[in-house]
Structures are given as structure tokens and as C-alpha cells.
Amino acid sequence: MNARDEILGRVRGALAAAPDAEVEVPRRYARTADGVDVVRLFAERVGDYRATVRIVAPEALAPVVAAELRDAAVGTLAVPPDLPHEWLIETGVEVRADSPVLSVNELDGCDGVLTGCAVAIAETGTIVLDGGPTQGRRALTLVPDVHICVVPASVVVGTVPEAITRLDGTRPLTWVSGPSATSDIELNRIEGVHGPRRLVVIVVDRQTG
Amino acid sequence: MRIALFVTCVNDTMAPGTGRAVLRVLERLGHEVTFPAGQTCCGQMHFNTGYQRECVPLVRKFVDDFADAEVVVSPSASCVAMVRDHHRRVAEVAGDRGLTEAVAHTAPRVYEFSELLVDVLGETDVGARFPHRVTYHPTCHGLRMLGLGDRPQALLRAVRGLDLVDLGGAHECCGFGGTFALKNADVSVAMGRDKVRQVLATGAEVLTAADNSCLLHVGGLLSRARSGVRVMHYAEILAAGDRS
Amino acid sequence: MSGATWLGMPAFPEAARTALADEQLQANLRTATTTIRAKREAVVAERADWEHLRAAGAAIKDRTLRHLDRYLLRFEEQATAAGAVVHWARDAAEANRIVVDLVRAADADEVIKVKSMVTQEIDLNAALAAAGITAYETDLAELIVQLGDDLPSHILVPAIHRNRSQIRDIFRREMPDAPDDLTDDPAALAAAARRHLRRKFLTARVAVSGANFAVAESGALVVVESEGNGRMCLTLPEVLISVVGIEKLVPTWADLEVMLQLLPRSSTGERMNPYTSTWRGVHPGDGPREVHVVLLDNGRTDVLADDVGRQALRCIRCSACLNVCPVYERTGGHAYGSPYPGPIGAILTPQLRGMRDDPVAASLPYASTLCGACYEACPVRIDIPAALVHLRARAVDATRGPLSPERTVMRAAAWTLAGPRRLAAAQRLAALAGALLGRRGRIGRLPGPLAAWTRTRDTPVPPGQSFRTWWRRNRRGTAE
């Protein structure tokens with residue numbers, strides 16, 4: 001018998017005496033964050049991870065991006081092919097679009113990367129990239145040491161269940177909560193290991209003026 | 001109220017004073033206490049050590065001995081947890097439907113002493129007087145299986161003259177664990193010594209708890225260290241003094 | 001490398017004794033567990049619905065296990081449709097063979113690895129080494145363990161038994177590119193690991209991972225991590241091989257809304273871990289071009305067959321039970337003789353390996369006081385104390401027949417407790433013995449089987465009159 005059939009046979013044998021009824025999942029946990037300003041909460045929670053957070057009005061986005069690039073001393077910036085031009089104005093940095101596809105070494109030669117995101121979760125301070133518009137492929141946001149992520153207020157949700165509902169689980173997803181970190185030395189969190197050591201999150205909110 | 005006392009084998013043999021203390025407190029409050037004479041043991045040691053088959057006759061005996069009791073009280077959190085949480089499992093393992101039904105009848109009527117006083121009888125001040133510095137260790141089965149919460153401390157705080165001091169690391173196991181104390185004696189003693197350190201740090205004269213078995217372990221270490229700290233079941237504290 | 005082995009380890013009580021004598025280990029464990037307990041408590045307290053999340057997490061896993069065959073087939077169908085190749089492995093040897101063959105087929109002689117419990121369990125690195133393939137562990141703690149030719153001692157933080165200065169010493173000694181002036185500042189140590197592994201990440205062609213979750217309805221895998229080494233392994237190489245225990249399945253994508261809340265809070269004590277990656281087979285133009293999934297049994301179906309023990313398969317490897325366990329805190333992980341230490345290891349290892357011919361596994365169900373702290377902390381409500389007691393019964397029943405000293409004592413006790421007269425007689429005997437052995441109301445050290453108790457603890461002399469005797473003398477006539 002092949003391994004597949006044998007394992008499935010063992011599983012069925014093991015469950016032969018188990019009660020037939022389907023196990024119901026009680027879902028009484030919170031699905032939404034009611035009465036919360038999700039944009040402010042998101043910014044606060046991202047900040048808890050020692051990431052840089054800015055909340056800006058749409059017209060202030062480009063200058064803030066430029067300022068953050070200067071602040072992080074980014075000379076070469078990788079961007080997904082479909083990044084809106086208006087996010088990058090008078091930055092003075094060398095911009096490298098991922099089209100044609102940048103090699104790993106070329107990516108490694110970039111100081112930073114600028115993307116958007118698919119969803120952001122207020123409660124956990126998480127941004128989620130799904131490879132959709134303004135995000136590019138997964139390696140793009142991994143190899144450069146500085147990740148600047150533009151988060152439209154419209155993609156900020158309150159909770160993890162809301163994010164799961166919005167996301168497409170068949171896409172390649174990367175959930176990012178702060179810069180790369182480790183707790184492996186005496187269980188204290190320290191930032192900066194293999195992923196980007198600096199994370200800058202810029203929330204674009206019309207309510208801000 | 002007429003209350004049957006399940007004294008437990010450990011208390012019966014090693015700490016009869018605890019049984020007499022329960023009696024004194026309940027009678028002082030005007031209740032009638034009976035002692036079903038056939039009683040022996042809840043079967044906890046056998047069950048927890050893996051001798052479930054040997055445990056079956058003990059469970060059968062327990063439900064027989066207390067079949068007629070409306071309310072059963074016991075001054076041992078771990079024995080009450082055994083009765084309430086595990087007798088059902090023993091009956092299932094034995095495949096004895098009659099026993100399962102008998103357990104379902106008896107087990108819910110069995111109360112740990114502080115549950116009986118606070119929840120059933122509605123008493124927190126039992127009129128005791130005990131002018132000493134005391135610290136309370138919440139034993140694991142009382143804390144996590146029975147969820148005794150603050151009941152024993154509430155009773156102790158109402159005792160006249162008693163100075164109740166918080167125990168550091170109170171929620172940590174003392175390391176007794178029944179046969180664990182023998183099978184893994186080194187770890188057991190290491191845990192017990194940490195508990196002793198916390199007890200000594202309180203400056204208490206008396207360490208009290210809801211389980212004399214745990215107190216035998218910690219008390220044995222305290223005694224070997226010549227610490228001068230006494231161990232007492234809290235029922236004995238509640239029985240001290242009188243209502244004057 | 002990989003000389004360290006679990007084989008031939010002593011049973012728990014003896015291994016524990018060695019650990020208790022190691023003061024540095026005691027200090028390291030205490031610091032680490034104290035830190036993580038406080039963090040976990042704080043983020044769990046934030047969630048008023050924590051108990052609801054736990055109940056949902058337990059039910060999701062139970063639902064999966066109840067129809068595991070169905071979910072495995074669904075996963076296989078979906079992952080295959082998405083371009084993955086699904087392999088099945090009955091045991092460790094078969095899984096190792098599959099991985100070795102895949103690495104060879106890719107014409108590679110090295111792999112980079114994401115920390116994975118299951119590849120520890122099957123000892124994949126040794127199998128790769130035997131085939132001439134070098135495995136590079138990329139998780140910081142795994143790297144510390146690998147460079148130190150050591151064994152992991154914790155599920156989340158395999159090098160929890162090492163403090164910062166010990167880690168610096170290992171790096172200085174074993175890491176060729178470590179700076180000469182490396183300090184024990186954790187940030188400097190992390191930076192050294194980054195430099196050390198950077199080229200490997202950018203050039204490796206094959207990666208091996210585990211998975212935290214496998215979604216049956218879509219065929220997606222999920223890896224939860226912190227450092228970004230996981231993302232490197234899952235994204236940059238051409239070939240990705242994921243070894244996945246069959247219990248890692250969840251039925252639906254929506255089920256992750258529970259698991260991704262329970263796991264980080266229970267594990268690192270964070271609202272969310274820095275990185276979570278999910279992928280489904282091959283995503284053209286994004287990540288590996290060849291994706292393999294090895295579904296592993298290796299004893300899991302034996303666990304599934306036990307109606308009490310099977311709840312161990314709910315485990316999501318968060319390690320909260322280790323962090324709150326007073327026994328683990330004092331013995332560390334090596335004493336448990338397997339990659340799965342602590343309370344969960346004490347119920348998983350005996351079931352995965354069997355207890356009959358394995359004295360280490362057989363000693364584990366007794367490595368607990370049954371204090372219940374693990375059950376309270378478990379995000380999927382595994383009643384570890386109940387499972388421990390159940391496994392003790394299995395151990396006792398498996399050896400029925402030959403009379404051991406313990407069995408003799410237990411039988412004698414059961415006989416004595418069968419009736420009040422016998423008990424009363426035994427009590428008189430105990431009081432007599434106590435009077436003979438005791439001094440000033442105390443019994444001190446005794447020889448023989450009682451030494452384990454009396455070496456360190458005094459015992460009060462049993463009172464001359466038991467409660468039942470007192471009652472008979474003073475209260476006889478009272479209604480009974």
C-alpha cells in the first residue's frame with residue numbers, strides 16, 4: 001500500500017469509534033472594534049513596535065515620503081512597477097522599478113522600498129501585503145533594509161477577523177507587524193534581524209488637515 | 001442544615017484536628033454534622049498515579065457512603081476536585097452505567113469547606129479569633145480546578161486579631177503533586193524550597209491552606225529548616241476562639 | 001555539526017537532577033520564563049473575549065481532527081491544483097528520504113531552513129548530513145543551538161537555556177565571520193547573525209520549512225515568524241520543501257482569524273508577530289518555482305486513536321505551557337528527552353514514540369505535579385493534566401502482570417481503603433510506627449523507600465487517635 005492510502009486508512013481507523021456529529025465552532029469572540037477610531041488605534045499600535053508612523057492628508061503624502069527617504073538616508077529605492085508617480089516627487093533618490101524584474105543582488109543593492117498595502121489591522125498594528133496594486137512581489141519588500149509603506153485610511157480595519165474577511169487566502173500574503181525582530185535572546189524583543197530593520201508607515205487620511 | 005462530613009483519609013490519619021475544626025465551626029453556626037462511618041478515601045492517589053482500576057471500588061464506596069447525604073463537606077480542595085471532576089471519568093472507564101448515574105447524583109453535592117460556608121451557608125464571619133500573622137497558599141486544585149477564588153481569604157480576613165499577609169508567587173505550585181513528591185523528589189523539593197522562601201519572606205507565623213497534603217510537604221520542609229513557621233489547615237484557624 | 005542527539009538520554013527524574021544542579025541554567029530559565037509570563041499575561045488581559053477565542057480554537061482543531069481524512073484530501077487536491085507537489089510520509093525515515101531526494105533532484109548540496117519543530121522531530125538535519133547535504137538553520141535560536149552543537153530546549157526559543165554572554169561565546173568560537181570585538185549586547189548578536197546568513201539567503205536554491213497551519217479549503221500554508229528568516233526561505237530560493245504534520249490542518253481560511261490571534265499572544269506575548277507568510281502552491285513571478293509539501297504521520301495517527309490523548313493534536317506549538325510550568329522552569333527542556341519539552345511534550349512524546357520500550361517516554365507522564373497551570377494557559381484548551389493522568393493509566397495497564405514495588409503499595413493501599421475497619425487498623429499501625437520513629441512529634445530521615453520523602457522533609461507523628469476513632473469515642477450515638 002502506498003503511504004497516502006496507508007495514512008488515510010490509519011486516520012479512518014483511529015476515528016472509527018469517534019462520535020459522528022460535526023464539531024460546531026462557537027464564534028462568540030469579537031469580530032469588530034466598535035466605537036474605536038481605527039486609524040488612530042492603528043497608528044498607536046504600529047508605534048508600539050517601534051516603527052515610524054505618520055498620518056498625513058493626501059496632498060502632504062509626497063513631501064512626507066521625500067522627508068522619510070532623506071531621514072532614512074535612502075539613496076536607491078525599489079518600487080513596484082505600478083507605484084503611483086504622485087507618491088514620489090522631487091525625492092532626489094534613484095528609483096528602480098521592479099520591471100524588468102530586479103535580481104536578488106540588485107534588490108540587495110537598494111537601500112529601501114516603497115509600497116502600498118492591501119489591508120491594515122488597527123488592533124494589532126499590522127499591514128498586510130497581497131501582491132496586488134502598489135505592492136509588488138514578496139521579495140521586493142523583504143531584501144531592502146528600509147520599508148516605507150503607504151496605508152490609505154480606507155484599508156484600515158479594526159480587527160483580525162475583519163482583515164481575514166477582506167483578504168483573499170489564495171494570494172501570497174505577507175503580514176507585517178513592525179520591523180523584523182527576535183525574542184531569541186532571553187525572551188526580550190529586539191528589533192532588526194533579517195527582514196527590513198526600519199519600517200515607516202504613512203497613513204493617508206482625508207480627515208487629517 | 002444537616003451536613004455530612006467527608007474527612008478524607010489523609011486528614012483522618014494525619015490531621016484529625018482539621019476534621020474536628022470543621023465540626024466545631026459548623027456546630028457553632030447551628031448546623032448538624034454527621035460522619036458516615038463507612039467512608040475511607042476518594043481514590044485520588046490511585047487515580048492520579050495511573051491505578052484507575054484500583055480506583056473503581058473506592059469511587060463505588062464513596063457514592064454508597066454518601067448516597068443519602070443532601071450536602072457533603074470536605075476540608076480538602078484536591079479531594080473535592082477528585083470527586084467533582086474525576087469520579088465521572090472513573091465510572092466511564094469502568095463502563096458501569098449505574099456508577100455513572102450514582103456519581104452524577106453525589107458529586108454535585110460535595111463542597112469544599114469554604115464553598116459551603118460562603119456559597120451555601122452565606123457566612124464569612126464565623127466568629128473566630130486568632131491573633132497571629134498568617135499567610136495563605138492557594139493550593140492548585142483549589143485555585144484552578146475548584147476556582148475557590150477569594151473565599152478562604154474572605155473567611156480569614158473576618159477572623160479577629162488575624163493579620164493576613166500576601167504570599168509572593170502564591171499561584172505557583174508548592175511541588176507536592178502526590179506521588180510526584182516521591183517519583184520526582186528533586187524537582188518537588190526545589191519547588192517546595194522556593195515556596196518556603198516566599199513564606200519566610202512574609203514574616204508569617206502560620207502558613208495556611210485548603211489541603212493538608214500540600215501542607216505536609218511544605219510544612220515538612222519548614223520543619224527541617226527549623227523555621228519556626230507552623231502550618232495549619234484554615235479550618236483550624238476558623239475554629240479558634242469563640243463567638244464572644 | 002549535529003553530533004548532539006536525544007538517543008540514550010536518561011529518564012526524566014535523573015535528567016532533572018542534573019539540570020537542578022546547574023545554577024547558570026536555573027538563572028537563565030528563571031529570567032526567561034519570568035519575562036515571557038508577564039508579556040503573555042499583559043496581551044491576554046487586553047482581550048475581554050480571550051476565553052471565547054480559546055473555545056473557538058479548541059473547536060476548530062477538534063472539528064479538523066474529527067474528519068481529518070476528508071481535510072487531508074481536500075488540502076491535497078487544492079495544493080496540487082495550485083502547482084504544489086504533495087508527498088505523504090508514514091514516518092521520519094520516509095519523510096527524510098523524500099526531502100533528500102528532492103534536494104538531490106534540485107542538484108543542490110545545501111539548504112536553508114526555517115525553524116520547524118517537525119524537522120527536529122524527524123532529525124532531518126542528520127539525514128541531510130548523511131546524504132552530504134548541509135542544512136543551515138536560519139532562526140537565531142536554532143543557529144545558536146546548531147553552532148553550539150547543542151539540542152533545542154524550548155519550542156519557541158530553542159536556545160532559552162543560553163544567556164547573552166554564552167551566546168556571544170558560541171558566536172565568537174563557531175561563527176567564522178563574527179567580529180573580534182563582538183559584545184553580548186543582544187542587538188549586536190542579532191546583527192552578527194544577519195551578516196553571517198545574508199549571503200546564504202541571497203544565494204541558496206533550496207529551502208526547507210515547516211508550517212504553522214495548512215488550510216484545507218485552499219491548499220495554502222502559513223508560517224508565523226519574527227526575524228524575516230522565514231520570509232527569506234519562503235520567497236528567495238527556487239525550490240521550497242515544507243514538511244507538515246497532518247494535524248496542522250484547519251478547515252477554512254476564516255479559521256485563521258482565531259488562530260492568528262491565539263498564537264502570537266500565547267507564544268511571544270505580542271499582539272501580532274512581526275511576519276506571517278501565507279502561500280498556495282506556486283505563484284508565478286513571485287517566490288519559488290517549485291513547491292513541495294510533505295504530509296507526515298510519524299505516530300500522529302496513534303495519538304488520534306486515543307480518545308483522551310488525541311487532544312494533544314490540537315497543539316499549535318505556542319509554548320505557553322512551557323513558560324508557565326513550574327517543573328519546566330526548574331528542569332529546562334533537555335530533561336524531557338525530545339524536541340517537544342514541557343507539559344505538551346510530556347503528553348505528546350509518550351504518544352508519538354510509545355512507552356513500552358522507551359524509558360524516557362514512559363517517565364514523562366509523571367513529570368508533572370498536575371498543578372494545571374498549563375491547561376489554564378493553553379490557547380486551544382488542551383487539558384494536559386487529564387491527558388497526563390490518562391497516560392499514567394496506560395503506562396500502568398501496559399505493564400500489568402509483573403509486580404513492582406509501586407504496584408504492591410497501590411494494591412495494599414486499595415485493600416486497606418476498601419473498608420473502614422482495615423483503615424482504622426492501618427491508622428493504629430501508623431500511629432504506633434510514628435511513636436517509635438518520631439522525636440518530639442517529628443519523624444526525621446528514614447531509610448529505604450521512605451528516604452525520597454524524609455531526606456528533605458520532616459513528617460509529623462500521626463496522632464494517637466484518628467478522626468474516626470475520636471468520633472466513635474465522643475460522638476457515637478449521634479445520628480449517622
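Start by selecting L437(C): with a relative accessibility of 46%, this leucine counts as partly exposed, because that label covers values between 20% and 50%. Keep in mind as you look around that this is a predicted model.

Next, colour helix α21 of chain C, which covers residues 420-437 and contains L437(C). Now add L429(C), L432(C) and L436(C) to your selection and show the surface. Together with L437(C), these leucines make a nonpolar surface patch of about 460 Å².

Zoom out to the whole of chain C. Its secondary structure comes to 23 helices and 12 strands. Along the principal axes, the C-alpha atoms of chain C fill a box of roughly 90 × 55 × 50 Å. If you colour by accessibility, 65% of the 480 residues in chain C count as buried. The surface that chain C exposes is about 17000 Å², with 53% supplied by carbon and sulfur atoms. Contacts are worth a look too: among those in chain C between residues at least 6 apart in sequence, 72% join residues at least 24 apart.

Now hide chain C and select chain B. Here you will find 13 helices and 8 strands, in a C-alpha box of roughly 50 × 45 × 25 Å along the principal axes. How does the radius of gyration of chain B fit a compact globule? The value is 18 Å, which agrees with the figure near 18 Å for a compact globule of 244 residues.

Finish with the surface of chain B. Its accessible area comes to about 8400 Å², 49% of it belonging to carbon and sulfur atoms, while 61% of the chain B residues count as buried.

Technical notes
Residues numbered from 1 in each chain as written. Chains lettered and ligands numbered in written order. Predicted model: local features only at pLDDT ≥ 70, side-chain atom pairs only at ≥ 80, totals over all residues. Heavy atoms only, no water. Patch = residues over 30% accessible without salt bridge, like charges linked within 9 Å, V, L, I, M, F, W, Y side chains within 5 Å. Areas by Shrake-Rupley, 256 points an atom, 1.4 Å probe, with all protein chains shown as cover. Salt bridge = Lys/Arg side-chain N within 4 Å of Asp/Glu carboxyl O. Helix = DSSP H or I, 4+ residues; strand = E, 2+ residues; numbered from the N terminus. Buried < 20%, exposed > 50% of the residue type's maximum accessible area, 1.4 Å probe, protein only. Rg over C-alpha atoms; globule rule 2.2 N^0.38 Å. Contact = heavy atoms within 4.5 Å.
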